[in-house]
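Reader: I would like to learn how to read the features of a model like this one. Where should we begin?

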Amino acid sequence: SSFCYKTLELIREILPDIDIAIILEIHNWKSEFEENIQNHLAKIKKLNAISLNINHNQLTENRVNQLKKLIKYIIVWVVNNNKIKDKLFNWGIDAIISDKV
């Protein structure tokens, strides 16, 4: 997993069979994701990424459904609230990253 696409490209080149996750930090869904969807799709495809790791604050159930059509796993960060965790899993999120035990 990395925010850095260049790093992920290098990893893919060196370790062609390793699972790769793209970490996206999105503050504005429309301008940073929807308007760049073709770019994101090209990166996912080129890296053969299996997971998208994304901050949960920009997600809705519809957006999760959109993302699940693009990539196998959706992992969200940082979720420290049980109600939010439960809601996200109900939407189809595959895993969460938390800093609470």
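Author: Begin with contact, which here means heavy atoms within 4.5 Å. Keep in mind that this is a predicted model. By that meaning of contact, the buried residues of α1 pack against β1 (21-24) and α3 (37-47).

Reader: Which residues of α1 are buried?

Author: The buried residues in α1 are Y5, L8 and R12. They span an arc of only 60 degrees around the axis, so they sit on the same side of α1. The face turned away from that buried side carries the exposed residues K6, E13 and I14.

Reader: Why do residues three or four places apart in a helix point the same way?

Author: An α-helix has 3.6 residues a turn, so residues at that spacing point the same way. A second case is α3, where H40, I44 and L47 are buried. Their arc is only 80 degrees around the axis, which places them on the same side of α3. On the other side of α3, the exposed residues are Q38, K45 and K46. The cover over the buried residues of α3 includes α1, β1 and α2 (29-32).

Reader: Take one residue of α3. Is H40 buried or exposed?

Author: H40 has a relative accessible area of 11%, and buried means under 20%, so H40 is buried. Leaving aside neighbours within four places in sequence, H40 is in contact with L24, E32 and F33.

Reader: What follows α3, and what is its phi?

Author: Most residues other than glycine have a negative phi. α3 is followed by N48, whose phi is positive, near 50 degrees. N48 is not a glycine, and its place is the loop between α3 and β2. With 54% relative accessibility, N48 counts as exposed.

Reader: Now the interior. Which residues have the most contacts inside the largest nonpolar core?

Author: In soluble globular proteins, nonpolar side chains tend to be buried together. Here the largest nonpolar core has 23 residues, and I22, L59, I74 and V76 have the most contacts inside it. The elements giving two or more residues to this core are α1, β1, α3, β2, α4, β3 and α5 (82-91).

Reader: Which residues does L59 touch?

Author: Not counting residues up to four places away in sequence, L59 touches W29, I54, V64, L67, V76, W91 and I93. One of these, I54, lies in strand β2. The relative accessible area of I54 is 0%, so I54 is buried. With the same sequence neighbours left out, I54 touches L24, I26, W29, L59, I74, I75, V76 and W77. A distance can be read alongside the contacts: I54 and V78 are 24 residues apart in sequence and 9.0 Å apart in space, C-alpha to C-alpha.

Reader: What about a polar residue in a strand: where is N53, and is it buried or exposed?

Author: N53 is in strand β2. At 4% relative accessibility, N53 counts as buried. The side chains of N53 and S1 are joined by a polar contact of 3.2 Å. Not counting residues up to four places away in sequence, N53 touches S1, A21, I22, I23, L24, I75 and W77.

Reader: How many aromatic pairs are there?

Author: Rings pair if their centres lie within 6.5 Å, and planes over 60 degrees apart count as edge-to-face. By this rule there are 2 aromatic pairs. In one of them, F3 and W77 have ring centres 6.2 Å apart and planes at 80 degrees, so that pair is edge-to-face. The pair links distant parts of the chain, with F3 in the segment before α1 (5-14) and W77 in strand β3 (residues 73-77), 74 residues apart. W77 has 14% relative accessibility and so counts as buried.

Reader: And which residue lies over the face of Y5?

Author: That residue is K43, at 4.9 Å from the ring centre of Y5.

Reader: One loop residue to finish. Where is T60, and what does its side chain reach?

Author: T60 is in the loop between β2 (51-55) and α4 (61-68). Its side chain reaches the backbone nitrogen of R63 at 3.1 Å. With 32% relative accessibility, T60 counts as partly exposed. T60 and T7 are 53 residues apart in sequence and 29 Å apart in space, C-alpha to C-alpha.

Note on methods:
Residues are numbered from 1 along each chain as its sequence is written. This is a predicted model: local features need pLDDT of at least 70, side-chain atom pairs count only at pLDDT 80 or more; totals for chains, interfaces and linings use all residues. Side-chain values use heavy atoms; hydrogens and water are left out. Rings of Phe, Tyr and Trp (its six-membered ring) pair if their centres lie within 6.5 Å; planes under 30 degrees apart count as stacked, over 60 as edge-to-face and the rest as tilted. Helices (H or I, at least four residues) and strands (E, at least two) are DSSP runs, numbered from the N terminus. Buried means under 20% relative accessible area, exposed over 50%, partly exposed in between (1.4 Å probe, protein chains only). A charge sits over a ring if NZ of Lys or CZ of Arg is within 6 Å of the ring centre and within 35 degrees of the ring normal. The arc is that of the directions from the helix axis to the C-beta atoms. A polar contact is a pair of N or O atoms within 3.5 Å; within protein, one must be able to donate a hydrogen and the other to accept it, and residues adjacent in sequence count only if both atoms are side-chain atoms. A nonpolar core is a set of buried Ala, Val, Leu, Ile, Met, Phe, Trp, Tyr and Cys residues joined through side-chain atoms within 4.5 Å.
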